[in-house]
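This report describes a protein model together with its ligands. Please keep the sequence and the three-dimensional view at hand while reading.

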Amino acid sequence: MILVTGGAGYIGSHAVLELLLAGHDVLVLDNLCNSSRIALQRVEQLAGRTLHFVKGDIRRRAQLDALFAQYPIEAVLHFAGLKAVGESVRHPLNYYDNNVGGSLTLCQAMADAGVFRLVFSSSATVYGTPATVPINEQAATGLPTNPYGQSKLMVENLLRDLANADPRWSIALLRYFNPIGAHESGLIGEDPCGIPNNLLPYITQVAIGRLEQLNVYGADYPTPDGTGIRDYIHVVDLAKGHLLALEKLRQVKGAHIWNLGTGQGHSVLELIRVFEEITQTRLPYRLAPRREGDIAACWADPTKAERELGWKAERGLTAMIADAWRWQVQNPSGYRVTDRVKESIKRIPASPISGNIQREAVMTRTGTSSANALL
Ligand code: NAD
Ligand code: WQD
């Protein structure tokens, strides 16, 4: 059985689906601070199999110990953490507590339970401002400009020290570039809380009318069209990379870094153009000043992952954007229950004995069927 921390989240839910499809048994531990249980119900629907879910927190050592005692866990995919760059600047303690403290507690519990195979969600943000592109794994890590990036680098260092100190560990440090897109069914996808920070969810929310217009942050970068260039990677390709890393860790000890990107850079204006082509609409946008902390260009050299894991991204930008758009159109409020459904829940009379339970059950049923009605 594979323990997936943060498995209800955007990338985690796609990875859980791939694990189930590949025949693994899966236990998800998630505190749902940035996700919904509905994502996992949809994963089960797509996989045609059930999974185990525990609502809980990676910082709670007793809870982790109980899980390792109860389930035959052989390896861990560790996605749980906070990821909003701006929020990390305002609330650094939350980020160090969740991302660094949580990872530390998880590793302690794993070691005591005798589980030594771990795949960690790292980020290209650890490269800081790259000296050259494409970036390979030998490139020096930079100085991340925010606590979120620092927390990723700190956990990478912690895991490297751990693998150096104890040869029983097999650890993958997967450095994701820019994950976008959604499962092609449109049933699971990215569901950011509040106003999205990332480009593609912002674009889809403008297109659907939830936001007014896109700000293109910086048109004066030293790039062909002046806008920032990134290596966007389809979340399903990314999820598949985790399964291959998990298999590779059966054969190798120590901590290993793999970039997960396509090796192709695309500019902001290019994304807008492809989005407009796919949707046959005009996207309202304006050129705005650069966003603090942004870099001009960043894309991966993914050849190490291809050579060592046999992994290569298969989906191009058109598929990424088409899939993200399908998810957005089919789920205009993400996994959240719409106002219309909330109204109908308010009208349900509460039973004097089990009012809350009854309401919750009805809400889940109504929420799911209403979401399915949109499909
Ligand atoms: P997400 O917020 O959708 O998923 C993270 C999940 O972890 C959520 O379901 C959340 O509820 C859960 N969680 C948070 N703190 C927890 C805790 N203390 N205990 C238990 N569960 C907790 O984010 P995502 O985009 O799916 O990212 C997954 C991982 O990948 C994160 O570690 C993130 O830093 C990393 N990453 C993401 C990106 C990206 O652009 N999305 C890029 C690089 C790396
Ligand atoms: C992409 C491009 C923006 C929003 C961030 C994190 C990184 C990683 C992935 C977790 C840039 C431009 C964006 C908008 C815009 N996350 N943009 N208007 O900044 O490359 O990476 O997410 O690990 O750590 O820093 O991604 O999607 O925010 O931006 O013009 O409203 O789109 O300037 O060029 P980024 P992004």
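How many Å separate an oxygen atom of ligand 1 from an N or O atom in the side chain of Asp30? In this predicted model, the separation between these two atoms is 2.6 Å.

**The protein as a whole**

The protein contains 13 helices and 14 strands. Of its 375 residues, 54% are buried. When contacts between residues at least 6 apart in sequence are considered, 80% of them join residues at least 24 apart. The protein exposes about 16,900 Å², and carbon and sulfur atoms supply 51% of that area.

**Nonpolar cores**

The largest nonpolar core holds 44 residues, and within it Val4 and Leu77 touch the most other members. The partners of Leu77, leaving aside neighbours within four places in sequence, are Ile2, Leu3, Val4, Thr5, Ala15, Leu19, Val119, His242 and Leu246. Another core lies apart from this one; it has 30 residues, including Leu64, Leu158, Leu173 and Ile257.

**The surroundings of ligand 1**

Around ligand 1 there are 27 residues, of which Asp30, Asn34, Ser35, Asn98 and Tyr148 come nearest. Besides the side chain of Asp30, backbone atoms also approach this ligand. A backbone N or O atom of Asn31 is 3.2 Å from a nitrogen atom of ligand 1, and a backbone N or O atom of Cys33 is 3.1 Å from an oxygen atom of ligand 1. Taken alone, ligand 1 exposes 820 Å², and the protein buries 96% of that area.

Which elements each supply at least two residues of the shell around ligand 1? They are helix H1 (10–21), strand E5 (117–123) and helix H6 (147–165). Strand E5 gives the largest share, three residues. By type, the shell around ligand 1 consists of eleven nonpolar, eleven polar and five charged residues.

**The surroundings of ligand 2**

Ligand 2 is surrounded by 19 residues, and the closest are Tyr148, Leu199, Asn215, Arg230 and Asp294. Tyr148 thus appears in both lists, being among the nearest residues to ligand 1 and among the closest to ligand 2. Oxygen atoms of ligand 2 are approached by the side chain of Ser123, by the backbone of Tyr217 and by the side chain of Asp294. On its own, ligand 2 has 690 Å² of accessible area, and the protein covers 87% of it.

Helix H7 (199–207) and strand E8 (214–217) are the elements that give two or more residues to the shell around ligand 2. The largest share, four residues, comes from E8. The residues of this shell divide into nine nonpolar, seven polar and three charged.

The polar approaches to the two ligands are collected below.

| Residue and part | Ligand atom | Distance |
|---|---|---|
| Asp30, side chain | ligand 1, oxygen | 2.6 Å |
| Asn31, backbone | ligand 1, nitrogen | 3.2 Å |
| Cys33, backbone | ligand 1, oxygen | 3.1 Å |
| Ser123, side chain | ligand 2, oxygen | 3.0 Å |
| Tyr217, backbone | ligand 2, oxygen | 2.9 Å |
| Asp294, side chain | ligand 2, oxygen | 2.6 Å |

**Two residues in detail: Ser122 and Thr227**

Ser122 belongs to strand E5. Is Ser122 buried or exposed? Ser122 counts as buried because its relative accessibility is 2%, and the cut-off for a buried residue is under 20%. The side chain of Ser122 makes a polar contact of 2.6 Å with the side chain of Glu156. Leaving aside neighbours within four places in sequence, Ser122 is in contact with Lys152, Glu156, Leu174, Arg175 and Tyr176.

Thr227 is found in the loop between E8 and strand E9 (229–230). With a relative accessible area of 0%, Thr227 is therefore buried as well. Not counting residues up to four places away in sequence, Thr227 touches Val216, Gly218, Ala219, Tyr221, Ser267, Val268 and Leu269. One of these, Val268, also offers a polar partner: the side chain of Thr227 reaches the backbone nitrogen of Val268 at 3.3 Å. Thr227 and Ala297 are 70 residues apart along the chain, while their C-alpha atoms are separated by 8.9 Å.

How values were computed: Residues are numbered from 1 along each chain as its sequence is written. Chains are lettered from A and ligands numbered from 1 in the order in which they are written. Side-chain values use heavy atoms; hydrogens and water are left out. A nonpolar core is a set of buried Ala, Val, Leu, Ile, Met, Phe, Trp, Tyr and Cys residues joined through side-chain atoms within 4.5 Å. Buried means under 20% relative accessible area, exposed over 50%, partly exposed in between (1.4 Å probe, protein chains only). Contact means heavy atoms within 4.5 Å. A residue is near a molecule or strand if one of its heavy atoms lies within 4 Å of it. A polar contact is a pair of N or O atoms within 3.5 Å; within protein, one must be able to donate a hydrogen and the other to accept it, and residues adjacent in sequence count only if both atoms are side-chain atoms. Accessible areas come from the Shrake-Rupley method with a 1.4 Å probe; for residues, only the protein chains shown count as cover. Ala, Val, Leu, Ile, Met, Phe, Trp, Tyr, Cys and Pro count as nonpolar, Asp, Glu, Lys and Arg as charged, and the others, Gly among them, as polar.
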